Amino acid sequence: MLRGPPRWVAYGKARHTRWQLCKRVLQPLNRRGLASVTDLKQYPQPGENIHGFTLKRSKHVSELQLTAFHLEHDKTGAEYLHVARDDKNNVFSVGFKTNPPDDTGVPHILEHTTLCGSQKYPVRDPFFKMLPRSLSNFMNAFTSSDHTSYPFATTNQQDFKNLMSVYLDATLHPLLNENDFTQEGWRIGPQNPKAATEGQDESEHDKLVFKGVVYNEMKGQMSDASYLYYIRFQDHIFPDINNSGGDPQKMTDLTYKNLKDFHAKNYHPSNAKLFTYGDMPLADHLQEVGRQLDPFDKIQADKVIKTPINLEQGPLYHTIKGPRDPLVDKDMQYKTSTSWITGDTSNILETFSLGVMSSLLTDGYGSPLYQALIEAGLGPDWSPNTGFDGGGKVGIFSIGLNGVRETDVPKVKETIQSKLQEVHQKGFDKGKVDGILHQLELALKHKTANFGMGLMQRVQPGWFNGVDPFDALAWDDVVIAFKQRFAEKSYLESLLEKYLLNDNTLTFTMEPSDTYGEELSSEEATRLAAKISEVTEQAGGEAEAQKQLAARELELLEDQEKASDQDLSCLPTVHVKDIPREMARKAVRDSKLGDVKVQWREASTNGLTYFRAINALASLPTELRMLIPLFTDSIMRLGTKDKTMEELEDLIKLKTGGIRASYSASPSPMDMKASAEGFSFSGYALDSNVPAMYELLRTIIQETNFDSPEAESKIRQLLQADASGALDAVAGSGHSYARRYAEAGLTPHGLLNEQIGGLTQVQQSGDLANRTAVEGLGDVIAKLKTIQQFAISNSSSFRAALTCGPESVSTNEAALQKFLSGLPASTTTPKEQSPVPKDVFSPTTFFPFPYQVYYSALALPTVSYVHPSGAPLQILSQLLTHKHLHHEIREKGGAYGGGAYARGLSGLFGYYSYRDPNPQNTLKIMRDAGRWARDKDWTDRDLEEAKLSVFQGVDAPESVSQEGMTRFLSGIDEDMEQKKREQLLDVKKEDVRDVAQRYLVEGMGAARIAVLGQKKDWVKESEGWEIKSMKLSKPSESAGASDLSASDLDHA
């Protein structure tokens, strides 16, 4: 998996024996109720040796409730960081410094290929084969710009040992077979090598094309204009670090030998950094890791730390071409940014301070650069590289915009420099700094289920670039040092002057090209022809070359087919018997305050209160529902008559961990055809600040001023920001958009999801953003004011949920009562003004998008949550994904991803593919999947693995703020969850075959299909495809005047 753009985010025997004795004596201290795993007294002292590792130092970090240990493997020099914390969700990661030598993507392709089989586990693709043999809640691999990491997380101790063994063997002893390289990396082959044997027209399918999972992944990635901008920016400011993900235009230069050489050079313990986290014993980890590392000798690894270009001779200017966005005003297509090089990121205080300064300058509608650039109309949203990037050895500070007019490009830099000078003169406001520090304080108190994974991802980039990981953990030390420096006069202003008040800059611009897509296609065709010519010359003729390439493709297919029934007994596994039949229950209770029902979850929350509420709405008109996303954005943008949004933002940061209003919809667990909708409100704060949180919520909901003179311009900016990022959002999650549209024609809840977050919503935002000043947004604002009148009420339609410590229940009840007393006692929701048209959904819909790959979905209606068939359908989705679809769609078809899913609450079953070069073949596989499952002779092992896969999600660790939320949001109580749990554990093979026949085979007639991508000849209306173009309506046309409109979706 490619990691996206970063954000600001040997000693003597006596000692060895002493440690062994110490371990035996102190192990009981890890038991619940005795000494914490963070107690330094139960660990060895620095300088002592443990299983071939020397402990270099240790440190207790009280504010994070953890103890860190830095060790080094004596024989190889591998670094090891262990973070002990009373957290059952344990994390492991092994990572390597992988400076990319070129743009062929060798680190990325190697990341994929290492996971295709190893010496101890010589099966095809053990990584994916382990997914259903594990109870992990996270398994993945990441290729970052200069390092590659392989992390997982699990709460099960045997599972941890299993996965650590697989990960270490995969990275240190991979098979790296050539067929795996061609499957995952790239190759040339006929589009369908089995066309002749399947009786198909060979002329349509024997065309030679580039193939490969990573190749198609990166074609899809490069279709995202924001990613393209960011990666080309990196090429210019950081030329010493090539594109680790791979540029499709250069990937086809990578050879199998290059891949193996890169592994031998970089995937060595001397070049490794290992990380473990959680409550499992460190000694156990070290024993296994040491056993795997001991056979290696120390080498001189490539640990060169790259740095960006020197801008002291600046300014520099670079302009490149990129794709035009059909969903954005044709005159607002430029992306431009100005960047500075800052200092060494190992200076933790300065790095932290620059992050704070970045937030002060750009975060929120009241920030000076937002007001000077976006509110002033120079562009609707930040460029992808905006902010402070401290992930490398040297920091980079960038500020830029998307959606800029050509004439405004030079003004962006001028305005940035002018505003920075002004900020320097005025100084930074202490209240805003206090708000940021308050957010950090709450972040420390907020108990998350994935703390360990987040910690690993925070520490690792700097660790690979010379930053001491202990410094990165020293939270309080850094914050205290920052407060001391900030108390001195002009500390942040001096940093601003030091790094940004100069013209040692790189200004990087991407201009739109109407022919960009055609040029990419032409380049690929020319490159393909050249590669085929090389093969033809080597083969002695065109016919022989075609024959050889087809034969190689069939050989790969044969290898893939053999793998589908491969003996996997060498792979470790956990078992269904390890899953408790009884779920862990979290006690909740109910009360009433007047007509309002309140759910209480009392738990240890570190002095925080979490609030969630829903105001149910009945018979909401479509035109108002589709404006709810704009309404919830607007109330966080416009301000009130008494307070500007800047003032409200400052209060939100000083008094809360955040507040939010959003749309909520949930199907009934009893009836999938029934769906409840409404407004959702949430927030959290220190117990002492709960009244202030409520008052802020009430203020933004009830007092937002839609009548202010600047309201229309600010709403237009929100719409333009949504539109400017829409095409890239779809490119990043195209399968999700395809699924939403396919599901919209099947159930009321599917329809609601599409209207609020699907392509229909994208189209509406684009159309509204494209309205002229003459047209205005008066009618829209009138509807937003209507929504404001019924958004919240103190009535039986309102219900709330509170999670807090027992000590704060009474004060929370009083604060909630006061909050409710300030709300209107009742509200009226307007009714639909015109008759609702009947179903207008085509069984097959195609959306043309300027992407190089496709996104597909097929959805089917099934049963409600309480129906007995729901459990076997969930098991079936996992069986199809792991035993059939992954093999057919990804391995053989070359798509980056594909699978099946079962939405138990929504009553839907479906299939999807992601960054797919061949959607026609994929759709055939989807349509036939039910028959395949029905006829499959499932084994007990198959069923066991599918159940393990399902329970990865069912039993995943839960943040305290989420406890009780399933009951509150969907009406599924713990008794219903327990019954579903038992049904899942008791699913039999005949149950799976039965639901496959009943819902997937017999139900195929009700299927809805949606495909997104480049329209080609196979997409024909005469063959049943409805083609819906996503394009802006022309000025003076009404919203939704394109092929896809709100009226299309009024009734499912």
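## Rings that pair up

A search through the whole structure, which is a predicted model, turns up 44 aromatic pairs. Take Tyr-365 and Tyr-370: their rings meet edge-to-face, with 5.2 Å from centre to centre and 75° between the planes. Tyr-370 has a relative accessibility of 8%, so it counts as buried. Another pair is made by Phe-846 and Tyr-854, whose ring centres are 6.4 Å apart; the planes make an angle of 55°, so this pair is called tilted. Phe-846 and Tyr-854 are both buried.

Some rings join into a group. Phe-92, Phe-127, Phe-128, Phe-152, Phe-160 and Tyr-167 are linked by ring pairs into a cluster.

## Charges over rings

Rings here have charged company too. Arg-739 lies over the face of Tyr-912, 5.0 Å from the centre of the ring. Over at Tyr-865, the charged end of Lys-980 sits above the ring, at 4.6 Å from its centre.

## Two nonpolar cores

In soluble globular proteins, nonpolar side chains tend to be buried together. The largest nonpolar core in this model has 81 residues, and Phe-92 and Leu-274 are the ones with the most contacts inside it. Helix α4, residues 157–172, gives this core its largest share, eight residues. Phe-92 is also part of the ring cluster described earlier.

What does Leu-274 touch, leaving out residues up to four places away in sequence? Its contacts are Ala-78, Glu-79, Tyr-80, Leu-81, Phe-92, Ser-93, Val-94, Leu-168, Val-289, Leu-293 and Trp-463. There is also a second, separate core of 62 residues, and Val-356, Tyr-370, Leu-420 and Ala-472 are among its members. Tyr-370 is the residue paired edge-to-face with Tyr-365.

## A six-stranded sheet and its helices

Now for the strands. One open sheet has six of them, in the order β18-β19-β23-β20-β22-β21, and its pairing is mixed. At the edges are β18 (589–593) and β21 (659–667), each pairing on one side only. On average, neighbouring strands in this sheet are turned by 25° against each other, direction ignored.

Inside the sheet, β20 (residues 608–617) and β23 (residues 798–804) run antiparallel and are joined by six bridges. Ile-614 stands opposite Arg-799 of β23. Helices pack here as well: α25 (residues 690–702) lies across β20, β21, β22 (675–686) and β23, and runs at about 135° to β22. Helix α28 (residues 748–757) also packs on the sheet, where it touches β21 and β22, and its direction makes about 150° with that of β21.

## Another open sheet

A further open sheet of six strands is ordered β26-β27-β25-β28-β24-β29, again with mixed pairing. Its edges are β26 (897–903) and β29 (1026–1027); each has a single partner strand, so one side of each has no neighbour in the sheet.

Strand β24 (residues 844–848) runs parallel to β29, and two bridges join them. Across from Thr-845 stands Glu-1026 of β29. Helix α33 (residues 919–935) lies across β24, β25 (854–861), β27 (908–916) and β28 (1008–1013), and runs at about 155° to β27.

## A covered helix

How many of the 11 residues of helix α27 (residues 734–744) are buried? The count is 10, so the helix is mostly covered. The buried ones are Gly-734, His-735, Ser-736, Tyr-737, Ala-738, Arg-739, Tyr-741, Ala-742, Glu-743 and Ala-744. Arg-739 is the residue lying over the face of Tyr-912.

Ser-736 is in this helix, and why does it count as buried? Its relative accessibility is 19%, and the cut-off is under 20%, so Ser-736 falls on the buried side. From Ser-736 to Glu-832 is 96 residues along the chain, with 29 Å between their C-alpha atoms.

## A glycine in helix α12

Is Gly-355, with its relative accessible area of 0%, buried or exposed? Gly-355 is buried. This glycine is found in helix α12, residues 348–362. Between Gly-355 and Lys-531 there are 47 Å in space, C-alpha to C-alpha, and the two are 176 residues apart in sequence.

Technical notes:
Residues are numbered from 1 along each chain as its sequence is written. This is a predicted model: local features need pLDDT of at least 70, side-chain atom pairs count only at pLDDT 80 or more; totals for chains, interfaces and linings use all residues. Side-chain values use heavy atoms; hydrogens and water are left out. Rings of Phe, Tyr and Trp (its six-membered ring) pair if their centres lie within 6.5 Å; planes under 30 degrees apart count as stacked, over 60 as edge-to-face and the rest as tilted. Buried means under 20% relative accessible area, exposed over 50%, partly exposed in between (1.4 Å probe, protein chains only). A charge sits over a ring if NZ of Lys or CZ of Arg is within 6 Å of the ring centre and within 35 degrees of the ring normal. A nonpolar core is a set of buried Ala, Val, Leu, Ile, Met, Phe, Trp, Tyr and Cys residues joined through side-chain atoms within 4.5 Å. Helices (H or I, at least four residues) and strands (E, at least two) are DSSP runs, numbered from the N terminus. Contact means heavy atoms within 4.5 Å. Two strands pair if DSSP finds at least two bridges between them. Axes are lines fitted to C-alpha atoms, for helices over the stretch in contact, and angles run from 0 to 180 degrees between N-to-C directions.
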